[in-house]
Amino acid sequence: MEENEDLNEAHQENTDESQEALKRVSGMYKDWFLDYASYVILERAVPAIEDGFKPVQRRIMHSLKELDDGRYNKVANVVGHTMQYHPHGDASIGDAMVQIGQKDLLIDTQGNWGNILTGDGAAASRYIEARLSKFALEVVFSPKITEWQLSYDGRKKEPVNLPVKFPLLLAQGAEGIAVGLSTKILPHNFIELIEASIKHLKGQRFKLYPDFPTAGIIDVANYNDGLRGGKIRTRARISQLDKNTLVINEIPYGTNTSSLIDSILKANDKGKIKIKKIDDNTAAEVEILVHLPSGISPDKTIDALYAFTACESSISPLGCIIEDNKPLFIGVTEMLERSTENTVELLKAELEIQLSELEEQWHYSSLERIFIENRIYRDIEEEETWEGVIEAIDKGLGPFTQNLRRAVTEDDILRLTEIRIKRISKFDLDKAQELLDNLEKKIAEVKHHLAHLVDFTIDYFKSLKEKFGKGRERKSEIRTFDDIEATKVVIRNTKLYVNRDEGFVGTSMKRDEYITDCSDIDDIIVFTRDGHMMVTKVDSKTFIGKNIIHVAVFKKKDNRTIYNMIYKDGKGGPSYIKRFNVTSITRDKLYPLTSGKPNSEVLYFSANPNGEAEVITVLLRQSGSIKKLKWDLDFADVLIKGRASKGNLVTKYSIKRIELKEKGVSTLKPRKIWFDDAVRRLNVDGRGELLGEFRGDDRLLVITQKGTVKTVAPDLSTHFDEDMIVLEKWNPNKPLSAIYFDGDKERYYVKRFIVENENKEETFISEHPKSFLELVLTDWRPVVELEFAKPRGKDVKPNQITEVESFISVKGIKALGNQLTSEKIKNVNVLQSLPYEEPEPHEPADIEVVDEENVESNEGGRISDNGEQSNTKDLDGDENNGPGQTKLF
C-alpha cells in the first residue's frame, strides 16, 4: 500500500511539472494574431483617408521630396533612400513606386516604366529615373503644417500624413488585401473630382463614377457609390473594320492585351466563337485585329466576344479606408466630402501660418523703420552694459509703439541690435514705407481669404483644373449595357442527331439522322407522336420518348415560332386542330399537348418560325353514311393560343390521312422595333425611339457621317457605328437627298439617289480626303435654306431657299450631283418639307399571337378556360352528329 502511494505521488509530481512546462496557445494566438492583423491593415494594405496613401507610398513621396532638386533621380537611389523609413525589402518599394508612376499623376517618369495596356513590366530600377511632378509639388507637400513622427528606428522623422489638398485617393484608386478585410477603390476622373469638390463646397449634389486609364466602355448602373455589393461592368471597345475584320481599340480595366488575346483564343478552342487569326498591333494605343472566317457574322461575333471572353468583365468595388487607426467602410461620395473638408482645413492652416508670418514681418519692418528713422541707435552709444543697451532701445521705442500690432519683446530688441551700420546708412524711408504698404495689402488679402474660406477653396480647385486638367478628360465612356444571351451568340460547334423510333436525341449519335448544328449550351425542343413535348439541354445522348416527330433548337421567349397541329383525342376519339407557341417551360418536364387521354395521337404537325399558316386537305375513312370524305382546312382561320388549349373540333370520325395542299404565309402581326440610343441596340420591348413595324423582308436604312449608306435586316444583335446619323425603316422607292462638300472642287454639291444594292455598303460622297457630308435628308420633298458668308468689303448675300426636288432629279448613287452654289456657305438650315402623300399598299389581315395558356370562350369551336367545348361546330358538318355541309368558323 505504501509503495502504491509513493508511486501515485511521484506520478502526480511529474504531471504537475509537465503542466508547468506546457503553455496554452489560445492566448498567444489571440494576442499575436490580432497584432499581426492590425499591423497589416494599418501599415501595409489599406490607405488613409487623410492623404490617400498607404505607408509605403507616403514614404516614397517623402523620399522623393527630400531628394528633389528639379532633376531626375535613379529609382534605385530613391528606393534605397526610402528604406530609411520603410522596414521592408527594396522589391516591395520598387513595385509600389512603379505603380505610382504608371498612374501618371504624382511622378514624372523617364525610361521604360512598363505598359499597363500590354502588361509589360518596368525595366530594372537602376535603369529608370523619376522626379516629383509639378502637380505633386503643389498639392502634396507643405512642411509647415505637416505632423511628424520618428521613423521605425528612431533616426529620422517622417510625416504621419502628408497634407494632400486634393481627393487623391479617388483619383488614383487603391487596392489591397489585408487580414480579414480588403479594399478596392476604383480610379475616378481628375476633372470630375475637382468639379464634384466645387459642387460640394457650394452645397450642391454630385455623382461620381469611375474612369479607367485603359478607357473602354462601362456600365455604372449598379455602382452603389463604391460600397460593398456594388458592381461595374466594363467592356472593350470593338468595332467592325470590314466584313471579315474586327478591331479592338480599348480594353477593360484590369486586363491587358496579352490576357485578352489569350481569352479569345481559349474561347475559339472551346468552340464558343470562330476566328481565323489575331494580330496585336498595340504600341502607344491598343489595336487588336480579329480576323473572321468567311460567312461568320461580325455582329454576333462582337456579342460572343463580350459573352465568352475577357472583352467584358465585372468589377466589384469595396470602399475601405483608415481613419483614426481604424478601418472604415464608406462610399466614394463620403470619401470626396471628407477629402474636400480636409482640403478646406489644410488651406485654412496654411493661410493662418501665412498671416502670422506676414504680421511678424510687418511688425519687424515697422520696428526697424522706427529704430532707424528716429535714430534710436544713438541712445546706446554711452551704455556700457548689455542690459543697458537693451533698456535704452526699449525706452527709445516707447513713444512710437502705440500703432504696432503687438507689444515689443526682448527678442525684437535683440534683432534690432543685429542691424549692420551699412544697412542703417543706406536706409530708404520711401522703400520702407512701400514695403509696409505691400505687407498690409497682403495681410488684408489673407484675412479676406480666411473670412471667405469656402470661396478661396473653390478658386483653389479651379486653379488646379486650369493648370493640370488639360489632357485629363474622361477616357471611359459611360453607357447602359444590354444583356447578351449566350445561347443566341454562341457558335454552333456540334451537330444534333435523332433516332426517331427509339426516342433518343444527342450529339454523339453520328450514325443516326442529322437534324441541325447546335452549341453545347443550347436547349432543344422535342415533340413525340403520342402528343407530348419536352425541352432539354443538349447532351451526348438523351432519351425523350419513342416516335419523335420534331426536334429543333429551342429559343426562350420566342412567341413568333408557331406550331400547327391536328391530333386524335384518345382511341377512337374526335380530332382537334390547334395552333400554339411555346415561350417558357420547365426544363426536362414532359408536357402533354392533348387532353391526356390514353392512345392519343398526333395526325399532323408543322413548326413555323414566322407564324406561317398552311392549307391542308383532310381525308376521312369510308364509314357508314358519311357523305363528305374530303375537304380543305386553312390554319390561318385558327386562333393562336397556348400549348395547353384543347383546340377546335375537326371531325368526330376517323381520319385516313392529311395532305399538305398549299404552303402558308406569315399570319403574325409585323414586329414593332425600337432603337435604344443608350445601349445603341434594337429591341422589341418599347425602349427608345420607334423605328416602325417590320415584316420578314423589311430592312433598316443606315447612314453614317463618313458618307456611307447601307441597308440591314432588323436583327436585334446588330451593332451600329458610333458616327451613325440616320437609322430608319427603309423605303426602297424613296430617294435620299445629300448635301456634301467636294474636297477636289472645293464646292458644295447636292444629289438625290435611291439605294439599289441592299446588301452592299456604298459611299455616296466623293472620295477626296477633304470631302465631307454636310447633311442628308430622307424626306420625299426636302427644302433647305443657305446662309452665305460675308465677303471681305462686300455686303452679305441674302439667304437662298432651295427645293431639292426641283433643283436636281434622282440620279445614280455614284453621280457627282449638281453644284449647290458658287458662293461661300456659312450654314445650311433644314426647313419644313413640302407635303407628299405616299400611296398606302394593300396589306392582308393579321392574326395576333395570344400569349395566355387558355382563352375565354368567344364563338363556336373555341375552348373555354376550363378546357370544355362550348357550342362546338364540326369542321366537317353542322352542330348535329350526322355528316353535313362543311361550315368553317
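In the predicted model, K74 has E129 of strand 3 as its bridge partner. The pair belongs to the contact between strand 1 and strand 3 (residues 129-132), which runs in the antiparallel sense over two bridges. These strands are part of an open sheet of three, ordered 1-3-2, with antiparallel pairing. Strand 1 (73-74) and strand 2 (107-110) are the edge strands; each has a single partner strand, so one side of each lacks a neighbour in the sheet.

A further open sheet of three strands follows the order 30-29-33, and its pairing is antiparallel. Its edges are strand 30 (630-634) and strand 33 (655-666), each with a single partner strand, so one side of each is left without a neighbour in the sheet. From one strand to the next, the twist averages 20 degrees. Strand 29 (residues 612-620) joins strand 30 in the antiparallel sense over five bridges. Within this pairing, L619 has K630 of strand 30 as its bridge partner.

Strand 4 and strand 5 form a hairpin with six residues between the strands. Strand 4 covers residues 147-150 and strand 5 covers residues 157-161. Their pairing is antiparallel and spans four bridges. W148 has its bridge partner, P159, in strand 5. In this hairpin, G154 adopts a positive phi near 80 degrees.

The interior was then examined for enclosed space. Rolling a probe the size of a water molecule over the atoms reveals where empty space remains. With a cut-off of 30 Å³ or more, five cavities are counted. The largest cavity has a volume of about 80 Å³. Its lining consists of I49, E50, D51, G52, V164, F166, P167, L168, L169, L170, M335 and S339. Two elements, helix 7 (168-172) and helix 11 (332-373), each give two or more residues to this lining. Helix 7 gives the most, with three residues. By residue class, the lining of the largest cavity comprises eight nonpolar, two polar and two charged residues.

Model confidence was considered last. The pLDDT averages 85 over the protein, and 90% of the residues score at least 70. Two stretches with low scores deserve separate mention. Over residues 1-11, pLDDT stays under 50, and the model has zero contacts for this stretch beyond four places in sequence. Over residues 844-889, pLDDT is also below 50, but this stretch has 114 contacts in the model beyond near neighbours in sequence. Where pLDDT is low, the predicted coordinates should not be read in detail.

How values were computed:
Residues are numbered from 1 along each chain as its sequence is written. This is a predicted model: local features need pLDDT of at least 70, side-chain atom pairs count only at pLDDT 80 or more; totals for chains, interfaces and linings use all residues. Side-chain values use heavy atoms; hydrogens and water are left out. On a 1 Å grid over the protein atoms alone, a cavity is a set of points where a 1.4 Å probe fits but cannot get out, and a pocket is an open set with protein on both sides within 12 Å along at least five of seven lines; lining residues have an atom within 4 Å of a point. Grid points are joined across faces, edges and corners, and a volume is the space filled by probe spheres set on the points. Ala, Val, Leu, Ile, Met, Phe, Trp, Tyr, Cys and Pro count as nonpolar, Asp, Glu, Lys and Arg as charged, and the others, Gly among them, as polar. Two strands pair if DSSP finds at least two bridges between them. Axes are lines fitted to C-alpha atoms, for helices over the stretch in contact, and angles run from 0 to 180 degrees between N-to-C directions. pLDDT is the predictor's confidence in each residue, from 0 to 100. Contact means heavy atoms within 4.5 Å.
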